[in-house]
Structure formats: C-alpha cells, structure tokens
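Got the viewer open? Let's take a walk through this one, a stop at a time, with something to select at each.

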Amino acid sequence: MRPYLLLPLLLVACQAPAQGPQDAAGSQPATSAASAPATAGTPVPSQDTTSEAQATAASPATAATTAAPAALKANVVRRWPHDTAAFTEGLQYVEGRFLESTGQVGQSGVRWVDPKTGRVLEQAATPTPGAFGEGVTFLNGRVYHLTWQDGEAYRLDQALQLQETYTYQGEGWGLAHDGQQLIMSNGSAALAFRDPDTFKVTREITVTDAGQPVTQLNELEWANGSIWANVWLQNRIARIDPQTGQVTGWLDASALAAEATQAAAAKGQQFTTDDVLNGIAYNAETHHFYLTGKRWPFVFEVQVSGNN
Ligand SMILES: [Ca+2]
C-alpha cells in the first residue's frame with residue numbers, strides 16, 4: 001500500500017459532510033482527474049475553500065490515472081546460456097540461482113539452474129503425471145508451481161519435494177509474489193492475489209492500458225513495486241500498478257526475440273510459433289532483469305531504462 005494514494009481519499013473522506021453526498025469520497029478523484037487532465041502537479045483552481053491542499057494531495061493519484069505508459073528499453077548487459085529444450089513457463093532469480101519451470105505434457109517440471117552455465121542443478125517433474133506445467137515462484141522458502149488446465153497448484157520445498165496440492169478454477173499461466181501474496185495470471189486481463197498458505201484468492205485486479213483490458217498476460221515478476229507481465233505471443237512486457245491494474249510502462253523486448261531467433265537458427269534450431277518470450281526474473285541487488293523465452297538459447301540480462 002502506498003501512503004500517497006491513500007492521502008487524497010482520507011482528505012476527501014474528512015470533508016464528506018460539507019460535500020453532502022455519501023459518494024463524495026468515490027466521486028472526488030474522478031472530478032479532479034476530469035478538471036485537470038494534463039497538468040499533474042498543478043493545483044486544481046477554485047473548487048472550494050480547501051481546494052488547494054486537497055488538489056495538491058490528489059495530484060499524484062491524478063498523474064497515475066492519466067499518464068501514458070512509459071516506453072521502456074531493454075539494454076542487454078550480458079547473455080547467459082539457456083537450455084534450448086526448456087519450454088520456459090516461469091523464471092525467478094533466487095540467491096544466485098534461477099528457479100525455472102517448464103511446460104508441455106511429459107516435459108513439465110521445476111528446476112534450479114546455475115545462471116552462469118545454464119546447467120540444471122536439481123529438478124523435479126510436475127507432480128501430477130500428464131499435467132502441463134506453468135508458472136513458478138519462490139516465497140519464504142517455498143516453491144509454488146502451477147498447471148495450465150489441470151486445476152492444480154503445488155507447494156514444494158526447496159529440494160523440490162511435494163508438500164501440498166491446491167486446486168483452483170480456470171487456467172493457470174504465470175506466477176509471482178509481492179513478498180506477501182502470490183500473484184497469478186490465467187491468460188485473461190485478470191491477476192489474482194492469493195494467500196500463500198491457503199492459495200485462496202484475496203483480491204483481483206484487471207490490467208488495463210488506456211482503459212482497455214490487456215489480455216493474455218503470462219509470465220509474471222515483481223520488481224520495484226510493480227508487477228511485470230509478458231503478453232503471450234507479443235514481444236513486450238507490461239509494467240503494472242498493483243493497486244489499479246493500470247499499465248504504467250511497456251518494455252520492448254523485440255530485439256531480444258529477434259536475436260534469440262537468429263542465434264537459434266545459426267545452430268540449426270528453427271523456432272516455432274510457440275517459442276516466444278516467456279521468462280522474467282529480477283535481481284534486486286543489481287536491479288537487472290533476466291529475460292528469456294521458450295527454448296531460447298539465451299537468458300538476457302538487461303538493464304531497463306526509462307524505469308521511473
Ligand atoms: Ca518470473
């Protein structure tokens with residue numbers, strides 16, 4: 001929760017008696033946004049006697065609702081080797097190792113990988129035989145792993161031994177966490193926050209760009225207070241406000257996809273339409289991202305510019 005988003009609501013709530021309608025708290029942000037669409041940081045003139053303090057407090061929220069998504073650039077710092085047999089469904093950086101999950105029936109699983117060599121250090125098959133593995137994330141010493149259409153999620157220990165099986169409705173695509181809750185995509189524009197003990201949904205957001213739903217959200221990552229999601233079959237990653245669901249930036253990964261495609265072809269590996277961008281990890285120490293895709297020969301370590 002970010003205090004500056006709460007502040008205007010609290011201020012407006014305090015003024016509710018003077019404004020009369022009980023929906024004053026809800027309607028005020030929209031009024032502010034409508035009267036000051038392009039001037040973030042500028043006080044809204046002459047609303048009422050307390051307008052200046054109120055408008056100033058409301059400005060950050062106004063900016064968040066009206067600003068166009070930032071154009072973010074992926075500057076490649078390094079290329080790490082990646083298993084070209086890995087149909088990557090999830091990626092996270094955990095204390096010097098990659099935690100990666102793979103899909104496809106019969107090839108689904110979770111693995112710990114040495115980033116420098118791409119070598120698999122430890123791996124386990126997705127617990128239910130015949131299940132199609134999807135996203136993976138690591139929170140508080142626990143590994144969580146999804147299935148696509150099998151309705152099961154698994155909690156594993158760090159040695160990748162099954163501890164618990166959860167069930168859920170709908171499809172499972174990507175998985176991440178914000179340090180408290182799990183965050184899950186299902187191929188739509190919805191992201192569900194789930195309790196890491198019960199796997200129950202605690203809240204949902206709909207991801208939108210300029211008011212339009214952004215569907216096919218796939219692999220997820222939490223970084224710098226935002227959710228990052230790559231869009232299936234697209235070479236771009238959305239940076240998403242975790243409270244509102246609004247896309248605040250688009251990271252262009254098209255050059256990485258092109259390079260991966262060319263590098264694979266040079267080694268006789270022809271990409272299919274399935275071999276798309278689908279792996280986002282974040283190193284909180286270097287502030288670099290690791291980006292890869294299904295059967296890509298590289299994990300690209302990138303520094304993101306325009307990230308503010
Ligand atoms: Ca991830």
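Start by selecting Ala238 and whatever touches it: setting aside neighbours within four places in sequence, Ala238 is in contact with Val207, Val214, Ala229, Val231, Val247 and Trp250. Keep in mind throughout that this is a predicted model.

Now widen the selection to the core around Ala238. The largest nonpolar core has 55 residues, and Ala238 is among those that touch the most other members, together with Ile227, Ala229 and Leu291. Colour E22 as well, since that strand gives the most to this core, with five residues. As a general point, nonpolar side chains tend to be buried together in soluble globular proteins.

Zoom out for a moment to see the whole chain. You should find five helices and 22 strands. Of the 308 residues, 38% are buried. Among contacts with a separation of 6 or more, 51% are between residues 24 or more positions apart.

Next, pick out the open sheet of eight strands. Reading across, the order is E16-E17-E18-E19-E1-E22-E21-E20, and the pairing is mixed. Which strands stand at the edges? Select 217–223 for E16 and 277–283 for E20: each has a single partner strand, so one side of each is left without a neighbour in the sheet. Look along the sheet and you can follow the turn from strand to strand, which is 30° on average between neighbours, direction ignored.

Let's go through some of the pairs.

- **E18 and E19.** Select residues 236–240 for E18; five bridges join this strand to E19, and the two run antiparallel. Click on Ile237 and you'll find Leu251 of E19 opposite. The two strands form a hairpin with six residues between them, and Gly245 in the turn has a positive phi of about 85°.
- **E19 and E1.** Residues 247–252 (E19) and 70–81 (E1) pair in the parallel sense, over four bridges. To see one of these, select Ala70, whose bridge partner in E19 is Gly249.
- **E1 and E22.** Here the pairing is antiparallel, over eight bridges. Try Asn75, whose partner in E22 is Gln303.
- **E22 and E21.** Residues 298–305 (E22) and 288–293 (E21) pair in the antiparallel sense over three bridges. Phe289 has Val302 in E22 as its bridge partner.

While you have strands on screen, remember that in a regular strand the side chains alternate between the two faces of the sheet.

For the last stop, select Pro297, which is found in the loop between E21 and E22. Is Pro297 buried or exposed? Pro297 is buried, because 21 other C-beta atoms lie within 10 Å and the cut-off for buried is 20 or more. Show the residues around this proline: leaving aside neighbours within four places in sequence, Pro297 is in contact with His82, Thr84, Ala260, Ala263, Ala264 and Lys267. Finally, draw a distance from Pro297 to Ala86, C-alpha to C-alpha: the two are 211 residues apart in sequence and 9.5 Å apart in space.

Key
Residues numbered from 1 in each chain as written. Predicted model: local features only at pLDDT ≥ 70, side-chain atom pairs only at ≥ 80, totals over all residues. Pairing = 2+ DSSP bridges. Axes fitted to C-alpha atoms, helices over the stretch in contact; angles between N-to-C directions. Buried ≥ 20, exposed ≤ 12 C-beta atoms within 10 Å, placed from the backbone. Contact = placed C-beta atoms within 7 Å. Core = buried A, V, L, I, M, F, W, Y, C linked by C-beta atoms within 7 Å.
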